[in-house]
Amino acid sequence: MAITAQLLDSVRLPGGSALVNGSAYESRTGSARCALLRNGHELEVHDLDELLAGEGAPRAVFPVPWPGWDQGVHSVSPDGTFAVFSGQRSVRAVDARGTTLWEYRHGCWDQQIGHPHTGDPGQICPGIESGSCKVSDDGRLVWAHVVAPERGEGEGDGEYDELWVVLDAADGSELARLTLDSVASGSQHHPHPDGVHMGLEIGMGQDGILLYWGRWDGEKLTTWDLNETLDRILMDVHPEQPGFLTVEHYGYDIQLHDLDGTVVAEAEPPEPRDDEDPLGWDWACGFVDATTVIASTMEFGDDPEGHRHWLLDARTLEIRGTVDYRS
């Protein structure tokens, strides 16, 4: 069944293409939905509801600590008073004037072990790997995916650890850490709408995907993962869903999970039309609302005509129909 889409509104948003992969979008329980967009040497925070109401100016603007660094996924506090940047060698919190509130230093994301550093905090090393950070919904914690200081530097063992750390948002002090079995190209955090749990998705290129969940109760960090098959991409959460949505790395299925990882619903790709190659789910799906998921398909033969959007029941993942964008 074809479901006709109707355009309700549109707005011009320079740099808004960064929202497509989700890393520039920040949504919190009980607060604004925002776009965090890089504009030159600044990070602009746009309230999306205000933007659609005609307010073109950003809600807040923060100077980027390292103008030459264009990787990492950053975050802004719920009250908009400070931003936390995921850098190549540190996580740094700054206010709107660019004043450093605190800095948590870590190893370099450039995977070349033992490469020289000049001591200049603005030095950018050639690696393209990066981490991410996220301020918790209550503004008290910062979760960050970082590189530990190199092990065996100068000994030629070529080893280093990646860490998931929980920091005090007031001063950047480390509260807890988890050593990860990852060699990341990039990562992204997903706060659960319950305000307690945090998800971490780590992309490792052809080596697969790691997916972790964690919570900090003030004394202990508790974590679990879905890493047995290295193929679940964490896509979305919703305030009226107890768990989360994932897609298989190669597009073979979409799954709805309870928070502990238990699969409660699954959707295989739709049957192709007569003139199509077999379909797979693309790396784009999420909740439209509490009852509906939107997901896209691609042809495994990579024919652009095979890219279509589908609406699914958000509780059963039963396919309701394809989206028709023709006016």
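Asp 313 belongs to strand 24, which spans residues 308–313. In this predicted model, Asp 313 counts as partly exposed, because its relative accessibility is 21%, where the buried class requires a value under 20%. A useful partner for orientation is Leu 279: the two residues are separated by 34 positions in sequence, and their C-alpha atoms lie 19 Å apart in space.

Turning to charged contacts, the structure contains 11 salt bridges. One of them joins the side chains of Glu 26 and Lys 134, with an N to O distance of 3.1 Å. This pair ties together distant parts of the chain, since Glu 26 sits in strand 2 (residues 25–27) and Lys 134 in strand 10 (residues 132–135), 108 residues apart. Glu 26 counts as buried because its relative accessibility is 6%, and Lys 134, at 7%, counts as buried too. The contact does not stand alone: Glu 26 and Lys 134 are part of a salt-bridge network that also includes Arg 28 and Asp 137.

A salt bridge between Arg 232 and Asp 253 offers another link between side chains, here at 2.8 Å from N to O. Once again the pair connects distant parts of the chain, with Arg 232 in strand 18 (residues 232–236) and Asp 253 in the loop between strand 19 and strand 20, 21 residues apart. Both Arg 232 and Asp 253 are buried.

The salt bridge between Arg 97 and Asp 95, at 3.2 Å from N to O, brings together two contrasting surroundings. Arg 97 counts as exposed because its relative accessibility reaches 72%, whereas Asp 95 counts as buried at 11%.

The loop between strand 19 (244–248) and strand 20 (254–257) deserves a second look, as it also holds Tyr 252. Together with Tyr 250 and Phe 300, Tyr 252 makes a nonpolar surface patch of about 350 Å². The loop thus contributes both Asp 253, a buried residue with a salt bridge to Arg 232, and Tyr 252, a member of the nonpolar patch at the surface.

Cysteines tell a simpler story. A disulfide is a covalent bond between the sulfur atoms of two cysteines. The structure holds zero disulfides. For Cys 133 the reason is distance: the closest cysteine sulfur, in Cys 34, is 15 Å from the sulfur of Cys 133, which is too far for a bond. Cys 133 counts as buried because its relative accessibility is 1%. Cys 285 is likewise buried, with a relative accessible area of 11%.

Finally, the interior was examined for enclosed space. Rolling a probe the size of a water molecule over the atoms shows where empty space is left. One cavity of 30 Å³ or more is present in the structure, and the largest cavity has a volume of about 80 Å³. Its lining includes the aromatic side chains' owners Trp 66 and Trp 69. Charged and polar residues also take part in the lining, among them Arg 89, Arg 105, Glu 103, Gln 88, Gln 123 and Ser 90. Gly 87, Pro 121 and Ile 124 line the largest cavity as well.

Key: Residues are numbered from 1 along each chain as its sequence is written. This is a predicted model: local features need pLDDT of at least 70, side-chain atom pairs count only at pLDDT 80 or more; totals for chains, interfaces and linings use all residues. Side-chain values use heavy atoms; hydrogens and water are left out. Patches are made of residues with over 30% relative accessible area and no salt bridge: like charges are joined within 9 Å, nonpolar side chains (Val, Leu, Ile, Met, Phe, Trp, Tyr) within 5 Å. Accessible areas come from the Shrake-Rupley method with a 1.4 Å probe; for residues, only the protein chains shown count as cover. A salt bridge is a side-chain nitrogen of Lys or Arg within 4 Å of a carboxyl oxygen of Asp or Glu. Helices (H or I, at least four residues) and strands (E, at least two) are DSSP runs, numbered from the N terminus. A disulfide is a pair of cysteine sulfur atoms within 2.5 Å. Buried means under 20% relative accessible area, exposed over 50%, partly exposed in between (1.4 Å probe, protein chains only). On a 1 Å grid over the protein atoms alone, a cavity is a set of points where a 1.4 Å probe fits but cannot get out, and a pocket is an open set with protein on both sides within 12 Å along at least five of seven lines; lining residues have an atom within 4 Å of a point. Grid points are joined across faces, edges and corners, and a volume is the space filled by probe spheres set on the points.
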